[in-house]
Structures are given as C-alpha cells and as structure tokens.
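Thanks for coming, everyone. I have one structure to walk through this morning. Please take a moment with it before I start.

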Amino acid sequence: MAAVILFACHIISSWINRYFINTPAQHILKQQAEQFYQSEQFEKAYRLFAALDETGYSAAYCLEHQVLCLSHLGHAQLAIRHCRFALRRKAMAKWYLLLIDLYIKQNDWKSAMDAACAGIDTLPATDHELHELFWKRRWLRSQNLADANAAAPVAANTAATLHNLNLLSRNVSSPPDHDILAALPCELVTTIFQHLSLADIALCSAVSRNWHQFIRSTPVLWQHLGVNRHHPRLTAITIGHYLARLQGAPLLSLCIHSDLNGDDLLYLLTRTNCSQLHRLELLGPYYTSARCLTSRLDQIMSMSSSSLRTLKLGSSSFKLNEIFNTLSRHCPQLESLAVHDCFTSLGSTVANSSLHHLDPGATQRLEIFGQFVAQPFIDFVHQFTPLVHLKTLRLTRIHGLTILPLAMILLSTPNLERLKMEASLVNLIPVINILIRACPQLHDLHYQRNHFSSSPVNSDSPHPQPTSTWHAANINVLPQNVPPTTTLNPPPWLPTLPTSRRIRKANAYTNIVCQHWRQLELKETRVLNDDLLHYLLRDSYAKLTSFDVQGHTKLTDQALLRSLPHGPLISLQHCVLAQCIHLTEHGLCAFFAQCPKLKTLDVSGLSGVTNRVLHVLAVHCPNLTDVNLSQCRSISATGLRSFIATLLHSKTAAGMPLYLDKLQLARTDIPMDCIAEIMALTRRDGI
C-alpha cells in the first residue's frame, strides 16, 4: 500500500511540474520569445514558441503566439492549420476568433461566417468569450449587407454588368446546381481521379450515385492500387472487389503494406490480367502455405515477365534464392528488387551443400581482403540467366544468409549500381571481395552489420577445407600505420607463392578497387580500419556525395588525412562520423577544410570536436544546414556562439538563406540561454 501511495505521489508531482511549474529552461525560452515578438522579429519568435511548446509548456499559450507570428509573416494557410489543430484538441472561442480574423485578411468572408456560426453552435454558454463571437457574426452580416447595397446601384447602370454579376454569383459564390461529372469532360475527370489515392477514391465513391457509378465503371481508376497502412476492415476480399472493377484491363501497379491474407491475395492476382504489371510491393501480407506461395508467385512473374520493373517482397514465407531463381527465368527486365525479413533457401534447383563442394574453404578464404571465389563456382553461376537490368538491390534482415549464397546472387547481377544490406549476417570484407569483381558498376553501398551475429563468420559448411597456408585468424585485412602517400605492400602471404603466381596476385591486389563511389555508408562493421577505408575510397574522393562510417572505433586521423593528397572533396554533402572516438581535432579540421559543399554533418560522441573544429566548419562549409553535436562536451558556449556568427557571415557572403534546419546539442554543457539563441536561428515548419 505504501508503494502504491509513493507511486501516486510521484505521478502527481511530475504532472504538477509539467503543467504548473515553469522550469528555468522554459522561463528562458519564454522570455526570449516574447522579446523577439515585441521587437517584431516574428520568424525567431515563432521558432522559440514552437520549441517552448515541445518542452511541455502551456500548449494554448504557445499555439496562440505561433498563430499571431504566422499572421504577421503572411503565412495564413499555416496559421489556419494551427488554429484547426487547436480546435481539435480543445474547442475555445479564442481559436474561432483567430480563425475568423485570418479568413477576413484573406477576404474569405464566407469561411469567416462559417467559422463564427460553427463556434456559436459548438461552444457552451459558459465560455467567457462567446459574446465576442456573437458580435463578430453580427459584424460579418452587416458587412455582407453593406457590400450588397453598394453593389446594387453599380449593377443597375447597365444590363451587361448585372448579367455578369449574376453569372459570377451563380458560378462562384453559390454551390453549382449540376454535377461536376456533367460539367467537365470525361477525360479531365478521369485524370483528376487518377491522382487520388485508393482511400480517397473510396471516399469519392460515397459522394453520390453518379460518382459511385462513374468510379466503379472506369477501369483505368483501378489500375494503380496502393494500401500503405493497416485498416481493420480492409481484407483481401475487398482488394478482390477492386481488382474485379478492372473488367479485364491490365493491372499496372499493386502496393500492399498491410497485414492481409497473402494466400488469397496471390490467388486473386493469378486471376487478374498482370501482363503490364510494372510495380509489385507485398511487404505486409502473411502466408500459410509455402507450396502454394511458390507456384502462385511463379505464375504471376510469368504473366508480368516483360513489364515488371520494381519488386518488393517481405515475409518469412519467401525464400531468397527461390525468388532469384524465379526472376532469372521470368523477369529479365527487372530494375529494382527489395527483399525484407525472409529466409535464405537455395530451393529445389540448387542444394546448399553443392555450393560448398564447388569451392571448399571459400568461407574462410573470403574473410581475407583481396580473395574471391574459385572458377568452378563462377562457371556454375553462369549457367543461370543473369539479371542484367537490375540496378537496385536491397536485402534487409535475411535470415541465414551466408557468403556463398550472397556471392551467387551478386554474380547474377553484373550491372548492379545500388546495394543496401541491413542487419547483414555476412561480414563486410567478404561483401567487398565479391562486389569489387562481381559488380564493377556499383557506386552506392549501404551496409549495416547485424548486431547479434558473430564477427567474422568463420564457417558455412560442417567440414571447412582451407586451401592455402594462411591461418583463419589472420583476417586483419591490411598492414597498419601506413603513411598516407605510401604504396601498400602486397599481402604477407605472397612471398610463399611461386614467382609468376606472386606477380599475378600482387597485380590483382593493387588494382582491386575500381568503383567510383558516390554513396558509401558502412555502419558499425567492427572490421573497418584506416587502410581498408583508404583502399575503398582512393579513386572516389572527388565524386563522393554521402559518407557514413558511424560507430567504427578502429578509425583514426589517418583515415581522414589520406584524402588530402587527392584534393578537396568537392561533392561531399552528407557526412556521418558519429562514435568514431579516435578522431582528434587535427584530423577533423584538416578534413572539414576540404568539404566546401557539406550540408549534413553528424559528429555526435566525439571528444575531438572543439571550438577550433566549429570555426573551421563555419569558415569552409557555408552550406551547412543540419549539424549533430550531441555529446560533444569539448565545445563551449563562446565557441558555439562564434560558430553561429561566423557561419551566418559565410552564408551572407555566399548569398544563402540565414538559417539552420537542425542543430542537435543533447548532453552537452551549453547553457540554456545560448541554446535559445540557436533555436531562434533553426528553421521550423519552413519558417
């Protein structure tokens, strides 16, 4: 009982602190926001009032001042949305009064009158501002009457003027007497409806019988079906009714992101004309029969063999290699493939053990940088039809994925340009070894290691058979502490080989990376070090636009300094160095001085981020709009103020807008008054 009482007291005290007691941070934000408002700096005032609202301060106070600031800035539509949001939370007379004033400023007298009448009909008689709503309504009626009396003598001058006014009032002011379907051409109405979502079309079909009949009997409106969220009343049977309205016309795209019955859905697709289907997304449905799933998916792929361009599948009932086997037989024109949350299975065509017999010991050998699969394995893969048009591949949470199945998949996509692997069970080094030879045109790589898997993967088969003299523990990629301008020596195992073979190995090793990366995101791989990163980027520094190496504790300043001899990184716009704890002030300053177009930067958790680093960023990176300095405890309020002032000066000199989209300072030692000054310069809602 005592514990219950203590818990209740804690809840009550926290509730009182949230809604009745102003914290020092809220007091500072409120004070500076009011100062900006009184000095007519409405943009800064709006940003601070929005930030104050997020701290739990009085929502009514913050929203009211946000609406006033938006009204002064001329953003009437955004202010109206704020008022309507406030009315949905709690109907009050002051929100109706603000809404009426906004409509009057836009000369929308009808909407103003509607708002006044709605407020009078909705609000209780105890509202102390209700009498002002009655006064507003009387004033609006008098204004309408005065406008009508002023227009009467003008309209009486000539019959033509009267006729024009009648036409105007009939066509614009009052609702039309005829249906819009009869007023507009059928092609125009169809084009308008084609831009609506499935939910909006369903709502439009309930407007009238004419609309319902038109929508139901127009097959072109049902050629693109999309369900992006779960709806309890939406079932596969409902989708079947929608597909029946095609009346034999071909289905062009189907995107289902809801947990429907996948067995019924695939059965319906087999009965639908999919000859021109170019996009299929099934990321939510669940399945109960794996045998029917494979046969029905094969049938659908065969029907859409020449038209399918984008395919997204997500379910544990799918098997990754069976998907590739089906696509290689039926969909050679496929350009984009995404597979989520499925298992790896080589199906009935290829046995899992046969891959290991083709290349014994490949699992251990590929853990060394520069190695590749054996020629018998490559010859075996070439027996299947490659997906030569596939440009984008995304593999997310593929359960049981190992090195050889991944090699088989990547060797089947020689023209791949973008690869994204999330929660991968395969280590980074085997992935790089396969990509640099199997996919020479790859320029975007997003790799994230599965946190619950061991690193590295040592074995796929029950009886690994190493074929060389190196030991499995020697997987540390490349030699350490090599100067930036020094050519790396061949791997240590080369001297043990014959002379001719050593030369071939050395040449293959030194020319191993030929990709020109544009986006390289390698998150928390646990094996990435300075040498491997330099080998990946040595030909790509000038073309790199996105660079993300979050969470790599083995990276040092050498990883950044090796980019200097290659010239500035003139294309880099997005950079993430978060949690790379061995980066220091020297390396960061030298690197950021070479990034003139940097827009987004994340250096959270780096003790090497100091006031000097901020000054270099402000001087050399005027395009910065999004900066994450969370947990950077080496910066001070003085340095942060200097950073903001210098950055704004650089933006002014470059002719850029004087604002930031986001600046994160969580868990820093910056005082609240400094944070408030920065919040006033951080854009919110486009303001």
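Start at helix 22, residues 428-438. What covers the buried residues of helix 22? The cover includes two helices, helix 21 (403-411) and helix 24 (530-537). It also includes three strands: strand 7 (418-424), strand 8 (444-449) and strand 9 (519-523). Keep in mind that this is a predicted model.

How many of the 11 residues of helix 22 are buried? The count is 10, so to speak of helix 22 as mostly covered is fair. Run along helix 22 and the buried residues are Leu-428, Ile-429, Pro-430, Val-431, Ile-432, Asn-433, Ile-434, Leu-435, Ile-436 and Ala-438.

Now take one neighbour, helix 21. Its axis lies 10 Å from that of helix 22, and the two pack at an angle of about 20°. An angle under 35 degrees counts as roughly parallel. Helix 21 and helix 22 are therefore roughly parallel to each other. The crossing is right-handed. Which residues make this contact? Helix 21 brings Ile-403, Leu-406, Ala-407, Leu-410 and Leu-411. Helix 22 answers with Pro-430, Val-431, Ile-434, Leu-435 and Ala-438. By class, that contact holds 10 nonpolar residues, no polar ones and no charged ones.

There is a pattern behind spacings like these. An α-helix has 3.6 residues a turn, so residues three or four places apart point the same way.

Next, helix 24, another part of the cover over helix 22. Helix 24 is largely enclosed by the rest of the structure, because 8 of its 8 residues are buried. They are Asp-530, Asp-531, Leu-532, Leu-533, His-534, Tyr-535, Leu-536 and Leu-537.

Let's move to another helix pair. Helix 2 covers residues 24-38, and helix 3 covers residues 42-54. Their axes come within 8 Å and cross at roughly 155°. Over 145 degrees counts as roughly antiparallel. Helix 2 and helix 3 are therefore roughly antiparallel to each other. Is their crossing left-handed or right-handed? Left-handed. On the helix 2 side, the contact uses Gln-26, Leu-29, Lys-30, Gln-32, Ala-33, Glu-34, Phe-36 and Tyr-37. On the helix 3 side, we have Phe-42, Lys-44, Ala-45, Leu-48, Phe-49, Ala-51 and Leu-52. These residues divide into 10 nonpolar, 2 polar and 3 charged.

On to strands. Strand 5 is residues 336-340, and 5 of its 5 residues are buried. Ser-336, Ala-338 and His-340 point one way. Leu-337 and Val-339 point the other way. Which way does strand 5 run against strand 4, parallel or antiparallel? Parallel, with 5 bridges joining strand 5 to strand 4, residues 310-314. Look for Lys-312, which stands opposite Ala-338 in strand 5.

One more strand pair. Strand 1, residues 224-227, pairs with strand 2 in the parallel sense, over 4 bridges. His-224 has Ser-253 as its bridge partner in strand 2. Strand 2 spans residues 253-256. Ser-253 and Cys-255 point one way, Leu-254 and Ile-256 the other, and all are buried.

Last, step back to the whole chain. It has 687 residues, and 47% of them count as buried. Its secondary structure comes to 29 helices and 14 strands. Take contacts between residues at least 6 apart in sequence: 75% of them join residues at least 24 apart.

Conventions: Residues are numbered from 1 along each chain as its sequence is written. This is a predicted model: local features need pLDDT of at least 70, side-chain atom pairs count only at pLDDT 80 or more; totals for chains, interfaces and linings use all residues. Side-chain values use heavy atoms; hydrogens and water are left out. Axes are lines fitted to C-alpha atoms, for helices over the stretch in contact, and angles run from 0 to 180 degrees between N-to-C directions. Angles under 35 degrees count as roughly parallel, over 145 as roughly antiparallel, 65 to 115 as roughly perpendicular and the rest as oblique. A crossing is left-handed if the near helix is turned anticlockwise from the far one by less than a right angle, and right-handed if clockwise. Contact means heavy atoms within 4.5 Å. Ala, Val, Leu, Ile, Met, Phe, Trp, Tyr, Cys and Pro count as nonpolar, Asp, Glu, Lys and Arg as charged, and the others, Gly among them, as polar. Buried means under 20% relative accessible area, exposed over 50%, partly exposed in between (1.4 Å probe, protein chains only). Two strands pair if DSSP finds at least two bridges between them.
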